Every structure is written in C-alpha cells, then in structure tokens.
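Here is a short report on one chain and its ligand site. Look over the sequence and the model first, then read on.

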Amino acid sequence: MNNNFDKHQSINKRVNRTWIAVLIICLVFTGLILFFPSQNNGGKENNAIPPVKDITPQIIEASAITSEQETLPLFHDNALKTAGFVNIKELSPLFYFDIRYATTNNFTGKVIYDTDQCYLQKEASEGILKALKILQKRDEPLTFIFYDCYRPQSAQEKLWLAYPNPSYVARPEKGSRHSRGMAVDLTLAKQDGTPLPMPTEFDSFKKEAHMDYNGSSVSKEALENRDLLKKVMTEAGFTYTRTEWWHFDKTGWKQKPVQNIDF
Ligand SMILES: C[C@@H](N)C(=O)N[C@H](C)C(=O)O
Ligand SMILES: [Zn+2]
C-alpha cells in the first residue's frame, strides 16, 4: 500500500516538472517575440520602403550641375534648350544679373522661382546681343543688368496672386510674354556693373515708371537714361511697354508658346 503511494507521488512530481519546463519554454518564446518584433516582420517592412533611387531622382541628377549652372538642375537646362531657349549668362561676360524673383527682393517679398538664371528664346537672345553691340560702341561703353527673363507660367500665377493688376502683371490665363521667353526686364549699367540712374526702382508700379513720364519729380539724367534704354532696345528689335521702363518684348513673341518648364 505504501509502495503504491510512493509510486503515485513520484509520477506526480515528474508531471509537475514537465509542466514547469513547458511553462519556462513558453515564457522564453513570448519574451523573444516581444523584445525582437522586427525579427518577426522586419523583412516585410524593409521590402515596403521604396529604394532611395526611386524617391530622390532630383537629388541624384542635381549633383551633375556644372559650376556655370549653380542653381538650375541640368535636366531643366536641357528641357529649356530643347525648347529653343538660350542661357543669357553663357552669351557674354559683359552682362550683370540681379534676378529679383529668385530672391525676396521683389514686390511680392517672396521667392517666386528657385534659380537665378536668365533664359530667353533664341530670337530674343540675338536681339540682346545686338543691343549690347550698340551699347559697346559708345564713347563710354555700357552694358545691361538683367532683372527677369523667362518666367514659367507657375511663376506668373504667383505674381498675379500678389498683385492682380493687368496694367502691371499679365493675367495668367492670357500668359505673360516672359513665359514665352520673349520678354526681358533690364536696365543699363556701366562696364563695372554700376546701374545708371533710372526714373524709379524695378517693378515700381508708379506713374514715374511710365515710359512717357516727363514730370519734374524725376531727374533729367534718369529720364535721358530711360530714353537711351528705350532707343537701344527698339533698334535691336524690341517693343516697349507704356507702364514699365524696364520691360521689353521681342517682336514675333506671338509665334512662341507660353511655357511652364520648371525653373
Ligand atoms: C511684373 C512685371 N515685372 C512684368 O513683367 N509685367 C508684365 C506685364 C508681365 O507680367 O508680363
Ligand atoms: Zn517684364
């Protein structure tokens, strides 16, 4: 009888030990799953992330920019040149650039586009070179400072939102001649880049900026410089606009389409 009792007790002890062992194994597994979740489904998550190459093509291509194209990615330069544009910075070392809409120093107070390059359609660029030749033949040779050249349609929309006045900003639905690459905003400068006095600042939407303003609030010298700019640009095949002394359109602008090539 005692023998039977001892046998029973020893079986019970073995069963208990087995259960304890099973319990410990379960606890160890649970711990592994809780502490290393990424081992569980990490492989799947990694596969879900798109490869870096797919999500950053612009960064990769931008690294190919040459020193001449400091701010305009090469693929935009290519797109513009394919569409008949010329980079005015590549035309002559005599030019100066103060591309205002690439800075906050413009009437909107905001950066309108990201690059300080100056692109124009080939015909307009030829007119600019013709005008430069006229300026260089003078006893005291002069040159240009460019304020704005080609402007994508998206930039025109930003300008219109800031100042929706068709006397000074072209309606986006009509399209700006700048967006055709056939308009340019510029002023005269000495060879060393000093701007000549003009009736007003660039993009001053006051009556003094009008081409026909001859009032006494503007100096004689500034009015003469404005008239010289107008004469030279007209001789080089541009027309002027009544309200802005700095703005000129290359004849034939209607033949060129409005563009929205990124800038
Ligand atoms: C905003 C001014 N610089 C200008 O270029 N105006 C003309 C009319 C335009 O928007 O095309
Ligand atoms: Zn203009």
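How many bridges join strand S5 to strand S7, and do they run parallel or antiparallel? Strand S5 (residues 183-190) and strand S7 (residues 244-250) are joined by 3 bridges and run antiparallel. Strands pair here if DSSP finds at least two bridges between them.

This is a predicted model: local features need pLDDT of at least 70, side-chain atom pairs count only at pLDDT 80 or more, and totals for chains, interfaces and linings use all residues. Residues are numbered from 1 along each chain as its sequence is written, while chains are lettered from A and ligands numbered from 1 in the order in which they are written.

**Fold.** The chain has 8 helices and 7 strands. These are DSSP runs, numbered from the N terminus: helices are H or I with at least four residues, strands are E with at least two. An open sheet of 5 strands follows the order S2-S4-S5-S7-S6, with mixed pairing. Its edge strands, S2 (96-97) and S6 (238-241), each pair on one side only. Within the sheet, Asp-185 stands opposite His-247 in S7.

Two helices pack on the sheet. Helix H6 (residues 122-136) touches S4 (142-148), S5, S6 and S7, and its direction makes about 145 degrees with that of S4. Helix H8 (residues 220-235) touches S5, S6 and S7, at about 145 degrees to the direction of S6. Contact means C-beta atoms, placed from the backbone, within 7 Å. Axes are lines fitted to C-alpha atoms, for helices over the stretch in contact, and angles run from 0 to 180 degrees between N-to-C directions.

**Site.** An unreviewed UniProt entry lists His-178, Asp-185 and His-247 under "binding site". Such annotations may be inferred rather than shown by experiment. The three span 70 residues in sequence, yet no two of their C-alpha atoms are more than 9.7 Å apart, so they gather at one spot. The residues that surround ligand 1 include His-178, Asp-185 and His-247; a residue is near if its C-beta atom, placed from the backbone, lies within 6 Å.

The two histidines compare as follows.

| Residue | Place | C-beta neighbours inside 10 Å |
|---|---|---|
| His-178 | loop between helix H7 (153-162) and S5 | 27, buried |
| His-247 | strand S7 | 25, buried |

Buried means 20 or more other C-beta atoms within 10 Å of the residue's own, C-beta atoms being placed from the backbone. Leaving aside neighbours within four places in sequence, His-178 is in contact with Asp-148, Tyr-150, Arg-151 and Ala-183. On that basis His-247 touches Ala-183, Asp-185 and Thr-241.

Notes
A residue is buried if 20 or more other C-beta atoms lie within 10 Å of its own, exposed if 12 or fewer, and partly exposed in between; C-beta atoms are placed from the backbone.
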